[in-house]
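Got the viewer running? Load the model, colour by secondary structure, and keep the selection box handy.

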Amino acid sequence: MAVAIARKYASEGYDIQLAARNISRLDSLCSDIRIRSNVSCTAHEFDALNFQSHSSFFAALPSIPEITICVFGYLGDNETAREQWSEAEKIIHTNYTGAVSALNAVSLVYAKQQHGTIVGISSVAGERGRQSNYLYGSAKAGFTAYLSGLRNRMFREKVHVLSVQPGFVYTRMTENLSLPPLLTAKPEDIANGIFKAVRSGTNVVYIKWFWRYIMLIIRNIPEFIFKKLKL
Ligand SMILES: NC(=O)c1ccc[n+]([C@@H]2O[C@H](COP(=O)([O-])OP(=O)(O)OC[C@H]3O[C@@H](n4cnc5c(N)ncnc54)[C@H](OP(=O)(O)O)[C@@H]3O)[C@@H](O)[C@H]2O)c1
């Protein structure tokens with residue numbers, strides 16, 4: 001998803017600063033973006049789990065990005081996470097604690113300069129806990145609530161916060177799952193959806209749009225029925 005988002009913004013003329021754990025893997029992507037879109041592209045080492053580094057990471061970027069998009073995440077394995085705390089901790093810390101730590105650092109800088117856009121990719125999985133992925137889902141639920149509160153707090157600082165709620169998306173995260181084609185988005189759909197939503201100042205975007213209504217139904221299934229479903 002992150003690659004598609006970077007390519008979309010580059011194609012619209014934005015300079016790109018990529019962040020990842022292993023920056024050597026970003027070299028070819030960066031050169032490709034530079035050549036195709038004639039924009040600058042730099043790669044920066046970033047670990048969502050290295051909370052203490054987040055403020056200095058952001059301060060050390062060549063320039064303060066106009067838009068910060070928090071894409072990282074970790075689905076993990078729910079059954080393993082029930083038995084092994086290290087897996088549960090990785091799911092919680094990557095999807096919630098790491099995202100909160102990183103975006104706290106960004107929001108302080110944006111609040112000071114009184115502008116900026118923060119995009120957080122959460123998930124519809126955070127809207128109701130399901131037996132198949134409730135550890136991931138609960139971390140995303142926390143992240144969704146965090147983004148909502150951050151948007152409320154940043155309004156008076158003139159900072160726009162966009163919450164992205166994807167349903168299923170074909171990416172490395174889901175490559176071993178069999179996903180329903182009609183309900184599943186491509187990374188490019190997410191990139192285009194984010195680009196449009198940032199432009200229009202949208203607060204919460206579902207991609208694809210019908211997930212808003214699917215989740216409305218899922219959230220409203222009475223608990224005494226929901227607990228018997230295999231979801
Ligand atoms: N795919 C879906 O169906 C779906 C649906 C809803 C929401 N989402 C969310 O969409 C976002 C993008 O996921 P994706 O589908 O594109 O999955 P992906 O291909 O697995 O990408 C996840 C990225 O997160 C990075 N990451 C994981 N832990 C990190 C850490 N500690 N520090 C820095 N980077 C880290 C990974 O980096 P490495 O390359 O180093 O592993 C990877 O590039 C995630 O937040 C995910 O939860 C996905």
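What follows is a walk from the sheet to the cores, the ligand and a few single residues.

Before you click anything: this is a predicted model, so local features need pLDDT of at least 70 and side-chain atom pairs count only at pLDDT 80 or more, while totals for chains, interfaces and linings use all residues. Residues are numbered from 1 along each chain as its sequence is written, and side-chain values use heavy atoms, with hydrogens and water left out.

**Stop one: the sheet**

Select β3, β4, β5 and β8. Helices (H or I, at least four residues) and strands (E, at least two) are DSSP runs, numbered from the N terminus. You should see an open sheet of four strands in the order β3-β4-β5-β8, with parallel pairing; two strands pair if DSSP finds at least two bridges between them. Which strands stand at the edges? They are β3 (67-70) and β8, and because each has a single partner strand, one side of each is left without a neighbour in the sheet. From one strand to the next, the twist averages 20°.

Zoom in on β3 and β4, which pair in the parallel sense over four bridges. Pick Ile69 and look across to β4 for its bridge partner, Val119.

Now add the helices. α6 packs on the sheet and touches β3, β4, β5 and β8, with its direction at about 155° to that of β5. α7 packs on the sheet too, touching β3, β4, β5 and β8, and its direction makes about 150° with that of β5. Contact here means heavy atoms within 4.5 Å; axes are lines fitted to C-alpha atoms, for helices over the stretch in contact, and angles run from 0 to 180 degrees between N-to-C directions.

**Stop two: the cores**

In soluble globular proteins, nonpolar side chains tend to be buried together. A nonpolar core is a set of buried Ala, Val, Leu, Ile, Met, Phe, Trp, Tyr and Cys residues joined through side-chain atoms within 4.5 Å. Buried means under 20% relative accessible area, exposed over 50%, and partly exposed in between (1.4 Å probe, protein chains only).

Show side chains for Tyr9, Ile16, Leu18, Ile33, Leu162, Val164 and Ile194: of the 30 residues in the largest nonpolar core, these touch the most other members. At least two residues each come from α1 (2-11), β1 (16-20), α2 (27-37), β4 (117-121), β5 (160-166), α7 (187-200) and β8 (204-207). Which of them gives the most? That is α7, with six residues.

Centre on Ile16. Leaving aside neighbours within four places in sequence, Ile16 is in contact with Ala6, Tyr9, Ala10, Ile33, Ser40, Cys41 and Thr42. Then jump to a second, separate core of 21 residues, which includes Phe46, Ala102, Tyr110 and Ala111.

**Stop three: the ligand**

Select the ligand and expand by 4 Å, since a residue is near a molecule if one of its heavy atoms lies within 4 Å of it. That brings up 24 residues, of which Arg21, Ala48, Tyr136, Val169 and Thr171 come nearest.

Try some distances next; a polar contact is a pair of N or O atoms within 3.5 Å (within protein, one must be able to donate a hydrogen and the other to accept it, and residues adjacent in sequence count only if both atoms are side-chain atoms).

- Arg21: a side-chain N or O atom is 2.8 Å from an oxygen atom of the ligand.
- Met1: a backbone N or O atom lies 3.2 Å from a ligand oxygen atom.
- Gly73: a backbone N or O atom is 3.3 Å from a ligand oxygen atom.

**Stop four: backbone oddities**

Go to the loop between β8 and α8 (211-220), where Lys208 lies. A cis peptide bond joins Ile207 and Lys208, with omega about 0°. From Lys208, draw a line to Gly193: they are 15 residues apart in sequence and 8.5 Å apart in space, C-alpha to C-alpha. Gly193 lies in helix α7 and is buried, at 17% relative accessible area.

Next, Gln114, in the loop between α5 (85-113) and β4. Its phi is near 60°, a positive value in a residue other than glycine, and Gln114 is partly exposed at 30%. Lys158, in the loop between α6 (134-154) and β5, also has a positive phi, near 65°. Is Lys158 buried or exposed? At 58% relative accessibility, Lys158 counts as exposed.

**Last stop: Asn133**

Select Asn133, in the loop between β4 and α6. Asn133 counts as buried at 12% relative accessibility, and touches Asn78 and Ala125, not counting residues up to four places away in sequence.
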